[in-house]
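Colleague: Please take a close look at the interface in this model. I would also like a few individual residues placed, with the terms you use for exposure made clear.

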Amino acid sequence: MRKERNAALAAGRNEREVVVSTGDFANPTRIVGLVVLLGCQLMGEVAVRLTAFDFPGAVVGMLLFLGVLRLVKPNLSSNLVVAPRLMLKHVNLLFIPAGVGIVVHVNRVLDNAWPLAVGLWGSWLVGLVVSGLVATVLLRGDGTRP
Amino acid sequence: MTMLGFELQGRETWDWLQASPLLGVTLTFGGYAAGRWLHAKTGSPLFQPVLVAMVLIIPVLGISGVSYSEYLRGAGYISFWLGAATVALALPLHFEWHLIRKAALPVAAGVVAGSLVSVVAAVLFTEIGGGTRELQLTMSPKAATTPVSIALSTEIGGIPALTAALTILAGITGAVCGPWVLDRIGISDLRARGIAMGTVSHGIGTARALQQSQTEGAFSALCMGLSAIATSVIVPVALAWGLA
């Protein structure tokens, strides 16, 4: 019962946080956010190639965009953030093509199902638990818990 | 075949469709829409949109004889936006900045400990399960986000495309089971939950964390980026030192 109510509350909160009405995009200046987003990615991708730095350019782009946001300090309905918010809301869509790619390796996966299952889930579980516990211990008692 | 005076050109139309990006784009959006619908209908975390879409699209490709590269002709337009979505993850970081700047040490320690354990355990558990050395190496970078895990796998002699698939599965595992496991072991601090999700389940785990709360999502997004950096350092070093 309480669980259900919490879920409903979380859903409602989520709705307010990330929902983007179509009216938002009727305003042509909303597209600014998309241009800035792609611009940051482009600069990040170019930078890692120019410096031969073996790192994903998109993550560098994320840091650049964070810099822009820290400087501009937009609010949630600002032109700068509407397009990125829409994109984050539907980010799962973008992983589907890579997920379907497993068909190419289906024979290899089935032949090695046991070692792959043990390796994947075993290491995922201990990584999650260790990371969460270490963070919890260090965060304890800092008084800023949200 | 003649029907009502028309000449139906089935073969030619099918050839056109297979070569057209329209097929891959429609299948991907269709699978995603079905996944979201099921997720909303059941409210169960088991029905992750990525998982549902895979389960629907893969048999369709198999039955219709459309190869993965033909599917990618359209689906590639969709996965292209993954880079821009990674950039967009700066958004929750910005809005939760006041919490993040105070948590630098727990974030760094959580990511480094989680990534180290994850890499060593990936090799160890794959070996225990009877996997070859090649398979162990293929598994080792799977906690990092896809572009990084693929690059690392190539560098250390794994099978890059299989690493990509394992990375996606690690993400889906996080989205489906992550919050449940964290509840079981009593981790309720939203920041710690985000740190754990981002460290081992990258973007797909972060998408789930963002659904839970903006704070959890922000920490997850940050740690997904940091985990990519940590894993890039840890994998070659752990192999060189014989830790894995």
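Modeller: A residue counts as partly exposed when its relative accessible area lies between 20% and 50%; under 20% it is buried, and over 50% it is exposed. The model is a predicted one. On that scale Trp81(B), at 29%, is partly exposed, and Phe80(B), at 49%, also falls in the partly exposed range. Aromatic pairs number 2 over all chains. One of them joins Phe80(B) to Trp81(B), with ring centres 5.2 Å apart and planes at 80°. Since planes over 60 degrees apart count as edge-to-face, this pair is edge-to-face.

Now the interface itself. Chain A brings 76 residues to the contact and chain B brings 97. Together the two chains bury about 7,700 Å², and carbon and sulfur atoms account for 79% of that area. In chain A, the residues that lose the most area to chain B are Met62(A), Phe95(A) and Trp124(A), which together make up 9% of what that side buries. The rule finds 0 salt bridges across the interface, while 9 residue pairs are in polar contact there, both partners at pLDDT 80 or more.

Several helices of chain A each supply at least two residues to the side that touches chain B, among them helix 1 (2-18), helix 4 (57-72), helix 6 (91-100) and helix 8 (113-139). Helix 8 of chain A gives the most, with 24 residues. Sorted by class, this side of chain A has 48 nonpolar, 18 polar and 10 charged residues.

Thr28(B) shows the contact from the other chain. Thr28(B) sits in helix 2 of chain B. Leaving aside residues up to four places away in sequence, Thr28(B) touches Leu93(A), Ile96(A) and Pro97(A) in chain A, and Ile57(B), Tyr71(B), Ala75(B) and Ile78(B) in its own chain. Its relative accessible area is 0%, so Thr28(B) is buried.

His39(B) also belongs to helix 2 of chain B, which covers residues 21-42. With residues up to four places away again left out, His39(B) touches Ser44(B), Pro45(B), Phe47(B), Gln48(B) and Gln211(B). Leu116(B) lies 77 residues from His39(B) along the chain, and their C-alpha atoms are separated by 33 Å.

Definitions and conventions
Residues are numbered from 1 along each chain as its sequence is written. Chains are lettered from A and ligands numbered from 1 in the order in which they are written. This is a predicted model: local features need pLDDT of at least 70, side-chain atom pairs count only at pLDDT 80 or more; totals for chains, interfaces and linings use all residues. Side-chain values use heavy atoms; hydrogens and water are left out. Rings of Phe, Tyr and Trp (its six-membered ring) pair if their centres lie within 6.5 Å; planes under 30 degrees apart count as stacked, over 60 as edge-to-face and the rest as tilted. Buried means under 20% relative accessible area, exposed over 50%, partly exposed in between (1.4 Å probe, protein chains only). Helices (H or I, at least four residues) and strands (E, at least two) are DSSP runs, numbered from the N terminus. Contact means heavy atoms within 4.5 Å. Buried area is the accessible area (1.4 Å probe) that two parts lose on being put together, summed over both. A salt bridge is a side-chain nitrogen of Lys or Arg within 4 Å of a carboxyl oxygen of Asp or Glu. A polar contact is a pair of N or O atoms within 3.5 Å; within protein, one must be able to donate a hydrogen and the other to accept it, and residues adjacent in sequence count only if both atoms are side-chain atoms. Ala, Val, Leu, Ile, Met, Phe, Trp, Tyr, Cys and Pro count as nonpolar, Asp, Glu, Lys and Arg as charged, and the others, Gly among them, as polar.
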